[in-house]
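Please read these notes with the sequence and the structure side by side, taking the points in order and finding each residue as it is named.

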Amino acid sequence: MNEEIVKHYKEMKIGIDEPFKFHCTLCGECCIHREDILLNAKDLFRIAKKLELTPHEVAAEYCETYIGPDSRLPIVRLNPRGPENRCPLLKNCKCMVHDSKPTVCAMFPIGRYMESEASNQSTPILENLKTGKTGYIYVNPECGDDTETHTVREWFNRFGIPLEDSYFANWNRILVGLSSIFHGIEKKLPKKSMEQIWTASFISLYFNYDIHKNFFPQFCSNTEKLMEVMRAFAENTVNENQKAE
């Protein structure tokens, strides 16, 4: 699905006040045959709070964690089950976390991306890794019907998703920075060392949260410390390699 979005995103772009037609008929089709529901830290935190579990417990029970083959970033995605690739949070044909569902699910059939300020290029994968201006795309849902007309602004407001989303921007900027660092140091470090770094990054990005406290202060503290350590580590790695040469 994401590959198709990347290929055809220019035709799929939509303005915040441009109309689109969609009416959810509760058919559940958007909850099956999906292997692309990636969670950000806030998604995982909100689901954990809803289920009264820790973020790590939610990831262990309902998700798959891995390192992105291209981004080299720690990734958490919902791990579909059964021959239909059914969402693991679907129970009796209903979402177990409906009012705390992942952002990409709440936005559906709208996706958002961030354009690169530097090159004015963009990679329109949902919750992608670029920084700059936020853009939107309309993804053909292939379900429901077209008996209702909406705008992106109205649709987001309905689900409490801010158009000026500081968390979305911060999350993407952090991922861009980490991806650059990981690509650089992975070429110079042994596999075991990188595995330790990725494990620590998973913990800082996704798991080190108390669900009984506010999310954003924890997120800022976790990511500031992580970025500080990773930048210092990358600088030391470069210096050590220069000395060795």
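1. At the start of H2, which backbone nitrogen does a side-chain oxygen of asparagine 40 reach? The model, which is a predicted one, places that oxygen within 3.0 Å of the backbone nitrogen of lysine 42.

2. Helix H2 itself covers residues 41–51, and its buried residues are Ala41, Asp43, Leu44, Phe45, Ile47 and Ala48. After the helix comes glutamate 52, whose phi is positive, near 55°.

3. Phenylalanine 45, one of those buried residues of H2, forms an aromatic pair with tyrosine 209 that is edge-to-face, with 6.1 Å from centre to centre and 70° between the planes. Because phenylalanine 45 belongs to helix H2 while tyrosine 209 sits in the loop between H7 and helix H8 (215–244), the pair ties together parts that are 164 residues apart in sequence. Both phenylalanine 45 and tyrosine 209 are buried.

4. A second pair is worth finding, that of tryptophan 171 and tyrosine 206: the ring centres are 5.6 Å apart and the planes stand at 75°, so this pair is edge-to-face. It links distant parts of the chain, since tryptophan 171 is in helix H6 and tyrosine 206 in helix H7, 35 residues apart. Tryptophan 171 and tyrosine 206 are both buried. The structure holds 20 aromatic pairs, and ring pairs join a cluster whose members include Phe45, Trp171, Tyr206 and Tyr209.

5. Turning to the nonpolar core, the largest one has 55 residues, and those that touch the most other members are Leu39, Ile110, Phe156, Trp171, Leu178, Phe182 and Tyr206. Helix H6 (residues 166–186) gives the most to this core, namely eight residues. In soluble globular proteins, nonpolar side chains tend to be buried together. To follow one member outward, take leucine 178, which, once its neighbours within four places in sequence are set aside, is in contact with Leu73, Leu205, Leu226, Met227 and Met230.

6. Finally, please trace the sheet, which is open and is formed by three strands in the order S2-S4-S3 with antiparallel pairing. Strand S2 (38–39) and strand S3 (63–67) are the edge strands, each pairing on one side only. S3 and strand S4 (residues 74–78) pair over five bridges in the antiparallel sense, and cysteine 63 stands opposite leucine 78 in S4. Helix H7 (residues 191–207) packs on the sheet, where it touches S2, S3 and S4, and its direction makes about 55° with that of S4.

Methods
Residues numbered from 1 in each chain as written. Predicted model: local features only at pLDDT ≥ 70, side-chain atom pairs only at ≥ 80, totals over all residues. Heavy atoms only, no water. Core = buried A, V, L, I, M, F, W, Y, C linked by side-chain atoms within 4.5 Å. Buried < 20%, exposed > 50% of the residue type's maximum accessible area, 1.4 Å probe, protein only. Helix = DSSP H or I, 4+ residues; strand = E, 2+ residues; numbered from the N terminus. Contact = heavy atoms within 4.5 Å. Pairing = 2+ DSSP bridges. Axes fitted to C-alpha atoms, helices over the stretch in contact; angles between N-to-C directions. Polar contact = N/O pair within 3.5 Å; in protein donor to acceptor, adjacent residues only side chain to side chain. Phe/Tyr/Trp six-rings, centres within 6.5 Å; stacked < 30°, edge-to-face > 60°.
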